[in-house]
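Reader: I'm new to this one. Could you walk me through how you know what you say about it?

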Amino acid sequence: EQLGPDLHLRPLASDDHKRGHFDVLSVLTAAPSLSPKAYKENFDELKACAQTYFIIVIVDVASDKIMGSGSVIVERKFLRAAGLVGHIEDIAVSKAVQGKKLGLRIINALEEIGRVRGCYKIILDCSEKNIPFYEKCGFKHKEFEMVRYM
Ligand code: ACO
């Protein structure tokens with residue numbers, strides 16, 4: 001999808017490590033880069049899970065650099081007649097271009113993927129400070145996140 005003359009939204013590619021994918025991810029948490037080989041192996045492993053991992057990026061065409069990325073993981077359940085739930089994860093927009101609606105575009109695209117895939121809902125975990133962003137994207141608060149680090 002062309003978002004304008006200079007921005008292109010597309011699925012992650014197996015060589016996106018060279019377009020600054022890790023720089024963008026580092027706005028979320030520690031994201032040390034993988035070797036090109038390890039990057040491709042991880043990419044192929046996710047791809048082998050058919051119709052489960054959908055990772056998208058927004059690329060600045062002029063610089064060929066990734067400006068934002070996000071993913072939706074589709075989980076199949078036994079309840080709700082083998083219903084599907086989409087889990088949105090790792091929404092990241094490069095600091096320099098935050099506040100320009102790229103995050104919103106990423107969420108809209110992931111939602112559309114979930115809809116086409118047949119998910120009955122899409123859920124995500126976020127920090128309190130990101131609540132206004134997700135509300136603008138049409139989400140509402142429900143439940144609490146729990147975690148246990150291994
Ligand atoms: N507080 C209040 N409003 C906000 C905030 C905020 N922190 N962030 C965005 N908004 C509003 C914007 O003002 C805009 O509102 P408007 O339509 O009235 O103008 C709307 O939300 C859409 O904002 P975008 O411009 O699309 O936001 P952006 O491109 O900056 O992306 C994001 C938001 C993804 C949170 C980005 O700032 C970022 O990468 N932050 C660091 C990483 C992060 O926290 N990611 C989310 C983790 S949670 C998860 O991944 C499931």
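Reader: What makes β4 and β5 a pair, and in which sense do they run, parallel or antiparallel?

Author: This is a predicted model, and in it β4, residues 84–93, and β5 are joined by four bridges. Two strands pair if there are at least two bridges between them, so β4 and β5 pass, and their sense is parallel. For one bridge you can look up yourself, take G86, whose partner in β5 is I122.

Reader: How do you know that β3 and β4 pair as well, and in which sense?

Author: Count the bridges again: β3 and β4 share eight, with at least two needed, so they count as a pair. Here the sense is antiparallel. One of the bridges puts R76 opposite L84 in β4.

Reader: What about β1, β2 and β3: how many bridges join them?

Author: β1 and β2 have five bridges and run antiparallel, with R10 standing opposite V57 in β2. Then eight bridges join β2 to β3, also in the antiparallel sense. V59 has I66 in β3 as its bridge partner.

Reader: What links β2 to β3?

Author: The two form a hairpin, and four residues lie between them. In that turn, D64 has a positive phi of about 55°. Most residues other than glycine have a negative phi.

Reader: Why is the sheet's pairing called mixed?

Author: The open sheet has five strands in the order β1-β2-β3-β4-β5, with mixed pairing. Look at what we have covered: β3 and β4 are antiparallel, whereas β4 and β5 are parallel.

Reader: What makes β1 and β5 the edges?

Author: β1 (7–11) and β5 (119–123) each have a single partner strand, so each has one side without a neighbour in the sheet. On average, neighbouring strands of this sheet are turned by 20° against each other, with direction ignored.

Reader: Which helix lies across these strands, and at what angle to β3?

Author: That is α4, residues 102–117, lying across β1, β2 (53–60), β3 (65–76), β4 and β5. α4 runs at about 30° to β3.

Reader: How many helices and strands does the chain have, and in what order?

Author: There are five helices and five strands. Starting at the N terminus, the elements read β-α-α-β-β-α-β-α-β-α.

Reader: Why is R80 called exposed?

Author: The cut-off for exposed is 12 or fewer other C-beta atoms within 10 Å. R80 has 10 such neighbours, so it counts as exposed. R80 sits in helix α3, residues 79–82, and has a positive phi near 50° without being a glycine.

Reader: And what makes A82 buried or exposed?

Author: A82 has 8 other C-beta atoms within 10 Å, so it is exposed. A82 is also in α3, and its phi is positive too, about 55°, although it is not a glycine.

Reader: How do you know whether E1 is buried or exposed?

Author: Same test: E1 has 11 other C-beta atoms within 10 Å, and the limit is 12, so E1 is exposed. E1 belongs to the segment before β1. From E1 to L12 is 11 residues in sequence and 13 Å in space, C-alpha to C-alpha.

Reader: What share of the chain is buried?

Author: Buried residues come to 21% of the 150 in the chain. To be buried, a residue needs 20 or more other C-beta atoms within 10 Å of its own.

Reader: How do you know whether the chain's radius of gyration agrees with a compact globule?

Author: For 150 residues, a compact globule would have a radius near 15 Å; the chain has 16 Å, so the two agree. The C-alpha trace spans about 45 × 35 × 35 Å along its principal axes. And of the contacts between residues at least 6 apart in sequence, 59% join residues at least 24 apart.

Reader: Which residues are closest to the ligand, and which elements supply the shell?

Author: The shell has 23 residues, and the closest are Q98, G103, L104, P132 and F133. β4, α4 and α5 (131–136) are the elements giving two or more residues each. β4 gives the largest share, six residues.

Reader: How does the shell divide into nonpolar, polar and charged residues?

Author: Around the ligand, 12 residues are nonpolar, four are polar and seven are charged.

Definitions and conventions. Residues numbered from 1 in each chain as written. Predicted model: local features only at pLDDT ≥ 70, side-chain atom pairs only at ≥ 80, totals over all residues. Axes fitted to C-alpha atoms, helices over the stretch in contact; angles between N-to-C directions. Contact = placed C-beta atoms within 7 Å. Near = placed C-beta within 6 Å. Nonpolar A, V, L, I, M, F, W, Y, C, P; charged D, E, K, R; others polar. Rg over C-alpha atoms; globule rule 2.2 N^0.38 Å.
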